[in-house]
Amino acid sequence: MGSRGRGGRAVTEAGVSRFREVLGKSLGWSFADADAAALAALIGERAALHGMSGADYVIRLAAREWPAETSYLVERLSITETYFFRHGEQFRALAEQALPERVADRGTQRLLRMLSVACSSGEEAYTLAMVARQECAGPDWIVDVLGVDANPAVLRKAEEAWYSSWSLRETPDAAQRRWFRVGDGGYRVRDEVRRCVRFRRYNVTDADESLWRPAQYDVIFCRNLLMYLTPDVASSLVARMTEALVPGGYLFLGHTDSLGSAPAGLELLHTHHSFYYRRPGGRSPGPRPAPPATAPACTEEDAYNRAISLLREEQFAEALELITAGLPGRPRERDRLLEGVLLAQAGRLTEAMALARRLIDGNGLYADAHQLLGLCLEDVSDTDEAIGQYRLAAFLDTGFALPRLRLGQLARRRGDDRAAAGDLERALDLLPHEDEERIALFGGGFGRISLTVLCRSELDGCEVRR
């Protein structure tokens, strides 16, 4: 039996089998028996295009290099489904387990190298850079992420760094605000991240000594690829990745890929509801060390100031414990506000919103409480109500820059560039005079300079005459 391509050219089962062998040898790809009908149709289509029989097409493909045709087949047969922060539990393990160890080991070099194998259109590689930039203890660190894929079409998209909202469907709101520019119905990865990431074409059957130099990567992501490779190619790729990890380096595979409990040269770890691997050596594995215990606050003012310092260092749980322990029987308004900000940062949004509403009930003119409530509402996707709270905060305190900045960003997201420009210009005027404590509370981890750069960038993207 056989299938027929266009022009009546029969594609036999033997032809499909040979086609699968050629793809396995040239690309390392494996195909299931269930794919036979689709492969037969593809052979017939390409054979007709080249004026060949199905058998002659497969013979030509196997006989010698045919770069243009091979590139087409790669684009046609690649599985390119991906998105930012896909399988978030693995990125939490990266941020909370792997990177703290690697940062400690690389403290003198201040360099992190990461590799995304089968990076597709770049979302995974850029996510690695975003998480690493968040975890590195200073701007002087070099974060170098390399994304490789066999498909030139998806690599072109990765280089453009322009994505639809669908690619950001699992991206946390805070990450969207920090790492992307919004405009023209899409999202562009910010230059701070783009400068960290490179892309190149790579076929997994290629040994490529420059790519696989021993002990050069701190982290390798190779997710949902091994299952599509022939056994020999998959085994060779795993060996190369293992050797290319630094001692103490981490390998993250897809949920469908398993190397068993004791693969050669690696140890299996299980945290954050995720399995992943570590090359022995470097610092011993384990959770992020707890910070030194904080001595009891001598006064309410001491507790508050130290909690603000911990907030700036993004030690939210420790700051929350300190400020709640330091609160007297009738805490001050600003203590409760700080508690609400810390609850929000810890992901306890329901508690944070309830606290903000109590503050507003007690003092409806408290602009900072309205700002806190707006941020919480935005994080639970109640954008319209959040905008109302930001407007109240800006109305109650005309010198408050941060609600103006959020209003401008949200207006841009909705496509109202004229309204966005007005609020962003006002925020830009106010930011030089914004209170340092407010920046710590509501700046999302950005300082005054970074917020100003962010505001200018958003304003430059507004397509209106100002």
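This report describes the main sheet, the smaller strand pairings, an aromatic pair and the enclosed and open spaces of a predicted model.

## The seven-stranded sheet

Seven strands form an open sheet with mixed pairing, and their order across the sheet is E8-E4-E3-E9-E10-E12-E11. The edges are strand E8 (197–201) and strand E11 (267–271), each of which pairs on one side only. On average, and with direction ignored, neighbouring strands of this sheet are turned by 20 degrees against each other.

At the E11 edge, five bridges join E11 to strand E12 (residues 274–278), and the two strands run antiparallel. Within this pairing Glu267 has Arg278 of E12 as its bridge partner, while Thr271 stands opposite Ser274 in E12. The hairpin of E11 and E12 has two residues between the strands, and His272 takes a positive phi near 55 degrees there.

## Helices across the sheet

Helix H5 (residues 88–105) lies across strand E3 (111–117), strand E9 (217–222), strand E10 (245–253), E11 and E12, and its direction is at about 175 degrees to that of E10. Helix H7 (residues 152–160), for its part, lies across strand E4 (142–149) and E8, running at about 165 degrees to E8. The edge strand E11 is thus among the strands that H5 lies across, and the edge strand E8 is one of those that H7 lies across.

## Strands E5, E6 and E7

Strand E7 (residues 186–189) pairs with strand E5 (residues 162–163) in the antiparallel sense over two bridges, and E7 also pairs with E6 in the antiparallel sense, over four bridges. In the pairing with E5, Trp162 has Arg188 of E7 as its bridge partner, whereas in the pairing with E6 the bridge partner of Val182 is Tyr187 of E7. The hairpin of E6 and E7 has two residues between the strands, and in this hairpin Asp184 takes a positive phi near 55 degrees.

## An aromatic pair between distant parts of the chain

A search of the whole structure finds 14 aromatic pairs. One of them is formed by Phe84 and Phe180, whose rings are arranged edge-to-face, with 5.0 Å from centre to centre and 85 degrees between the planes. This pair links distant parts of the chain, as Phe84 belongs to the loop between helix H4 (67–77) and H5, Phe180 belongs to strand E6, and the two are 96 residues apart.

## The cavity

The structure holds one cavity of 30 Å³ or more, and the largest cavity has a volume of about 50 Å³. Its lining consists of Gln176, Arg177, Phe180, Val182, Arg190, Arg406, Gln409, Arg413 and Glu458. The elements that give two or more residues to this lining are helix H8 (173–179), strand E6 (180–183) and helix H17 (401–413), and H17 gives the most, with three residues.

By class, the lining of the largest cavity has five charged, two polar and two nonpolar residues. Phe180, the E6 member of the aromatic pair with Phe84, is one of the lining residues of this cavity, as is Val182, which has Tyr187 as its bridge partner in E7.

## The second largest pocket

The second largest pocket has a volume of about 640 Å³. It is lined by 29 residues, of which Ile79, Ala118, Asn224, Leu225 and Tyr228 are the closest to its centre. The residues of this lining divide into 15 nonpolar, eight polar and six charged.

How values were computed. Residues are numbered from 1 along each chain as its sequence is written. This is a predicted model: local features need pLDDT of at least 70, side-chain atom pairs count only at pLDDT 80 or more; totals for chains, interfaces and linings use all residues. Side-chain values use heavy atoms; hydrogens and water are left out. On a 1 Å grid over the protein atoms alone, a cavity is a set of points where a 1.4 Å probe fits but cannot get out, and a pocket is an open set with protein on both sides within 12 Å along at least five of seven lines; lining residues have an atom within 4 Å of a point. Grid points are joined across faces, edges and corners, and a volume is the space filled by probe spheres set on the points. Ala, Val, Leu, Ile, Met, Phe, Trp, Tyr, Cys and Pro count as nonpolar, Asp, Glu, Lys and Arg as charged, and the others, Gly among them, as polar. Two strands pair if DSSP finds at least two bridges between them. Axes are lines fitted to C-alpha atoms, for helices over the stretch in contact, and angles run from 0 to 180 degrees between N-to-C directions. Contact means heavy atoms within 4.5 Å. Rings of Phe, Tyr and Trp (its six-membered ring) pair if their centres lie within 6.5 Å; planes under 30 degrees apart count as stacked, over 60 as edge-to-face and the rest as tilted.
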